[in-house]
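Reader: I have a model open and want to learn how to read its features. Can we take them one at a time?
Author: Yes. Here it is.

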Amino acid sequence: MGIFKDKGVVYKPVSDVDLGPHSPDVYISPKVKAPRMAGLLVTIFAWFLESRIFGPILLYILKKDNLIHRLVSFADLEESPVFVPLHPDEDLEEQQIKCIESDLSPPEQVQKATECLQFSEYIVKNPKFSFYRWTIMDYSKAYTSGKITPQLVADQFVAAVRESSEPAFQMSFFIDYNIEDILKQATESTLRYERGQALSVLDGVPIAIKDEIDCLPYPTTGGTKWLHKARQCMDDACCVKRLRLCGALLVGKTNMHELGAGTSGINPHYGATRNPYDRTKVAGGSSSGSAAVVSSGLCPAALGVDGGGSVRMPAALCGVVGLKPTFGRVPHSGVIPLNWTVGMVGIVAGTVEDAFIVLVFFIWMLFFNLTPNSLPRQFLGSIVRYLNLFTLPVMQQSVNKAELINPPQYRYIITLHCTWNFCFHYSLVCNRNQDFSPLPKLHFPLLKSPNTVSNIKLAKSLEWFNDCTEDIKVCCSRAMDQLYMRYGWEIVEVTVPEIEVMRLAHYLTIGSECSTAIACHLEKLDMAELGGDARVALSVYGAFNSREYLNAQKIRNRQMQFHKNIFAKADVIVTPTTGVTAYTLYDDALKTGELDYINGAALVRYQISGNFLGLPAVTVPVGYDKLGLPIGLQFIGRPWSEATLIHIAFAMQALCISDYKKPQVFYDLLKQD
């Protein structure tokens, strides 16, 4: 074994790492060593990786050449692992907020949210605005005034989706949409408006759902041809239930990268989602369809799942807003459990205000929502198995199987704690009568004016910030200058250390969780049912071992400490959202998917801390490159600081919205013939 062991990095204690602008910490740009592959090459490569003879050799070389061995596998770290990025409640000092009671129904919460908003008449009537996307409030006011009905909007939606699927467009927005169900919902909503009994401002407003989230009457495929057969959709996900309670017009399941295991949004089974700004470009992934339907005007908002930038990345490429909440802020039950500790339901929306409204609909007010659906038995078992390999004693309470598969009767608080000096513990609280730890108080931002919060400090890690294309660097730097000149916000130079280490640790974590989640299904699956790129991804995911997993969780601990120290100096960390804009979609990838790890690494370059560390993050469109493709700026916040984050995003949007451009593929569902 010794001849195959590479020398790993010995990491300094966290307290010895300089986070200042002149830190000696060397920024490592991703050293991705993998050629682009598509078509037959991907299929052949997948076969070699799955081979018992060639697979281990190729996987060893891939891990070694891409620095996984040196930076993660054989690294020497003194920190203990942190398995779940739960953050304690902090009494944040947030400006211009309204504290909301915890016993309100979803419609009542939304009514409180709309009271925090300015309305959009000044935008619609402003001749300086060359393009404007209709908002949730625009739909609500149009319905209430009788200018248009949900029924007519639904008819126009169905016609638009049909047109987008024609050979001239081939946008591949949806995996499934049920015309009969859509029209039925719209008819019911129209009758409610006629009676003056609209359920909320979202009543009759079209909202799309990523096909990783349960939503009746549709199967949940996860972008595959087989997963819905092994895991049947029996009920709405919790977040979908809350939208349905408020009357939202749920218009179908959006396309996604297969199993969420990619960044392009190319799905060999349901088509490649194309970018509305340029049909020859990718939409990004894995929530490709959700971003594209919002960008093209089919919905003012859509749900996605963000496990590695999977909401923010396509939102940025498609020129819309993408919001990923703090880990634990949103209930995760009813979501395919592909990435339990890094994935969160997120929101794609045309405006910051709409992202805020939808967030309000499904925020979980009472308890940490770590249910067996969000941290299933396989995950707990896998951690125990990993630790047992290192002869770590395990102390655990027994959990009855019937309890684990009956979530409505139990709520869980799960604490996972591990130290390297041979201790592992997790506890489950299974009785409704027990005392539960409440989530932090819910603060709504008062978005009456973009210039309402002051003395904001924006952390910028210069080398990391500049590791993108020239167009993105110039555009995002200009946007930050605007924040300084218009609002007087201070830019604080910092160093976010070990960025590439964190990216690799996250990749190892999300890969391990994904492969563990579907391992029982893969044993019975004909691999030909998977796309070529998904087969390659699963082969790599399955190559990670227990030591690598534990080291990745130690790295999570280090980065959580680094970021806590940075947030002591600044309110948010600011980065470009992606390192490149939308790249070309080639025909050779349509039937197999593609392996493009160089572009993939550039797309996720700024995404990882939001997922790996459980931090809230939002992307806002701030401009375009020379080809007219959208560029996003990202704000990463302290845990539970969504109100401040939305304030900052709203202020940024106000400076850029007059320059927003209309996509090449766009539908106006509120037009009146």
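Reader: What is the order of the strands in the open sheet of eleven strands?
Author: Read a sheet from one side to the other. In this predicted model, the order is 3-5-4-10-12-11-21-22-19-17-18, and the pairing is mixed. The edge strands are strand 3 (174-176) and strand 18 (490-494), each of which pairs on one side only. Direction ignored, neighbouring strands are turned by 35° against each other on average.

Reader: In what sense do strand 4 and strand 5 pair, and over how many bridges?
Author: Strand 4 (residues 206-210) and strand 5 (residues 249-254) are parallel, with four bridges. For a register point, take Ile209, which stands opposite Lys253 in strand 5.

Reader: Which strands does helix 11 lie across?
Author: Look for contacts first, then for the angle. Helix 11 (residues 288-295) lies across strands 3, 4 and 5, and also across strand 10 (301-306) and strand 12 (344-349). Against strand 10, helix 11 runs at about 155°.

Reader: And which strands does helix 23 lie across?
Author: Helix 23 (residues 642-656) lies across strand 11 (321-324), strand 19 (572-576), strand 21 (617-624) and strand 22 (630-637). Its angle to strand 21 is about 10°.

Reader: Now the whole chain. How many helices and strands does the chain have?
Author: There are 23 helices and 22 strands. The chain has 673 residues, and 64% of them are buried. Its accessible surface comes to about 25,400 Å², with 53% belonging to carbon and sulfur atoms.

Reader: What share of the contacts between residues at least 6 apart joins residues at least 24 apart?
Author: That share is 81%. For one pair separated along the chain, take Glu108 and Phe361. They are 253 residues apart in sequence, and their C-alpha atoms are separated by 9.4 Å. Glu108 lies in helix 4 (residues 106-114). Glu108 is partly exposed, because its relative accessibility of 41% falls between the 20% and 50% cut-offs.

Reader: Why is helix 19 described as largely enclosed?
Author: Count its buried residues. In helix 19 (residues 532-541), ten of the ten residues are buried, so the rest of the structure largely encloses this helix. Polar and charged names are on the list too: the buried residues include Asp533, Arg535 and Ser539. Val536, Leu538 and Tyr541 are also among them.

Reader: What do the buried residues of helix 19 pack against?
Author: Their partners are helix 1, helix 2, strand 6 (266-267), helix 18 (499-522), strand 20 (594-595) and helix 21 (597-604).

Reader: Is Gln185 buried or exposed?
Author: Compare the relative accessibility with the cut-off. Gln185 has 11%, so this residue counts as buried, under 20%. Gln185 sits in helix 8 (residues 179-194). Setting aside neighbours within four places in sequence, Gln185 is in contact with Arg244, Ala248, Leu249 and Leu250.

Reader: Turn to the surface. Which residues form a nonpolar patch there?
Author: Trp47, Ile53 and Phe54 form a nonpolar patch, with about 350 Å² of accessible area together. Ile53 is in the loop between helix 1 (40-50) and helix 2 (55-65). Ile53 counts as exposed because its relative accessible area is 62%, over the 50% cut-off.

Reader: Next, the backbone. Which values should catch my eye?
Author: Most peptide bonds are trans, and most residues other than glycine have a negative phi. Look for departures.

Reader: Which peptide bonds here are cis?
Author: Two cases to inspect. The bond from Leu216 to Pro217 is cis, with omega near 10°. Pro217 is in the loop between strand 4 and helix 9 (227-230). The bond from Gly285 to Ser286 is also cis, with omega near 10°. Ser286 lies in the loop between strand 9 (278-282) and helix 11.

Reader: Where do Leu67 and Gln170, with their positive phi, lie?
Author: Leu67 has phi of about 70° and lies in the loop between helix 2 and helix 3 (68-73). Leu67 is buried, with a relative accessible area of 19%. Gln170 has phi of about 50° and is in the loop between helix 7 (150-164) and strand 3. Gln170 is partly exposed, at 39% relative accessible area.

How values were computed. Residues numbered from 1 in each chain as written. Predicted model: local features only at pLDDT ≥ 70, side-chain atom pairs only at ≥ 80, totals over all residues. Heavy atoms only, no water. Patch = residues over 30% accessible without salt bridge, like charges linked within 9 Å, V, L, I, M, F, W, Y side chains within 5 Å. Areas by Shrake-Rupley, 256 points an atom, 1.4 Å probe, with all protein chains shown as cover. Salt bridge = Lys/Arg side-chain N within 4 Å of Asp/Glu carboxyl O. Helix = DSSP H or I, 4+ residues; strand = E, 2+ residues; numbered from the N terminus. Buried < 20%, exposed > 50% of the residue type's maximum accessible area, 1.4 Å probe, protein only. Contact = heavy atoms within 4.5 Å. Pairing = 2+ DSSP bridges. Axes fitted to C-alpha atoms, helices over the stretch in contact; angles between N-to-C directions.
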